[in-house]
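Please work through the exercises below with the sequence and the model side by side, trying each task before reading its solution.

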Amino acid sequence: MRNCFDTIWQASRRLADTVIENKDFEALIRQYDRDSAFFYCDPPYRTAQKYYDVPFSDSDHERLKNSLSNIKGRFILSYNDDEYIRELYKDYNITAVERQNNLSSGLYKELIITNY
């Protein structure tokens with residue numbers, strides 16, 4: 001346990017000015033958007049909603065896209081590789097990536113979407 005003290009101390013210093021908020025994403029984006037803002041969004045993956053405790057419907061995916069479409073700052077968004085999401089964000093930069101699947105063996109296909 002004593003070996004962890006330094007790591008915990010470093011983490012506490014790093015997070016000293018961090019604010020954690022529990023708000024709807026539209027309110028957060030409106031509150032913090034400015035030219036220098038950078039948003040990292042990791043919404044519930046479409047077609048994988050059964051793994052989440054909070055519902056996130058197609059209309060929520062569309063609300064997120066509409067909120068991000070109007071920002072002054074930049075965003076990076078991660079999603080599962082889904083045709084609906086590809087179509088929804090077709091006007092943005094989309095990069096397909098693969099990562100190790102944490103729920104089963106094999107690779108998981110994801111999308112990284114940006115407005116820059």
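**Exercises on salt bridges and the core**

At 48% relative accessibility, Glu-87 counts as partly exposed, a class lying between buried (under 20% relative accessible area) and exposed (over 50%), with a 1.4 Å probe and protein chains only. This is a predicted model, in which local features need pLDDT of at least 70 and side-chain atom pairs count only at pLDDT 80 or more, while totals for chains, interfaces and linings use all residues. Residues are numbered from 1 along each chain as its sequence is written, and side-chain values use heavy atoms, with hydrogens and water left out.

**Task 1.** Find the salt-bridge partner of Glu-87 and state its exposure.

*Solution.* A salt bridge requires a side-chain nitrogen of Lys or Arg within 4 Å of a carboxyl oxygen of Asp or Glu. Glu-87 meets Lys-90 at 2.9 Å, N to O, and Lys-90 is exposed at 52%.

**Task 2.** Which parts of the chain does the pair Glu-26 and Arg-63 tie together?

*Solution.* The two side chains form a salt bridge at 2.4 Å, N to O. Glu-26 lies in helix α2 and Arg-63 in helix α3 (helices being DSSP runs of H or I, at least four residues, numbered from the N terminus), so the pair joins parts 37 residues apart in sequence. Glu-26 and Arg-63 also belong to a salt-bridge network with Asp-24 and Asp-60.

**Task 3.** Is Glu-110 buried or exposed, and which residue does Glu-110 pair with?

*Solution.* Glu-110 is buried, with a relative accessible area of 8%. Its salt-bridge partner is Arg-99, with the closest N and O atoms 2.7 Å apart, and Arg-99 is partly exposed at 29%.

How values were computed:
Helix = DSSP H or I, 4+ residues; strand = E, 2+ residues; numbered from the N terminus.
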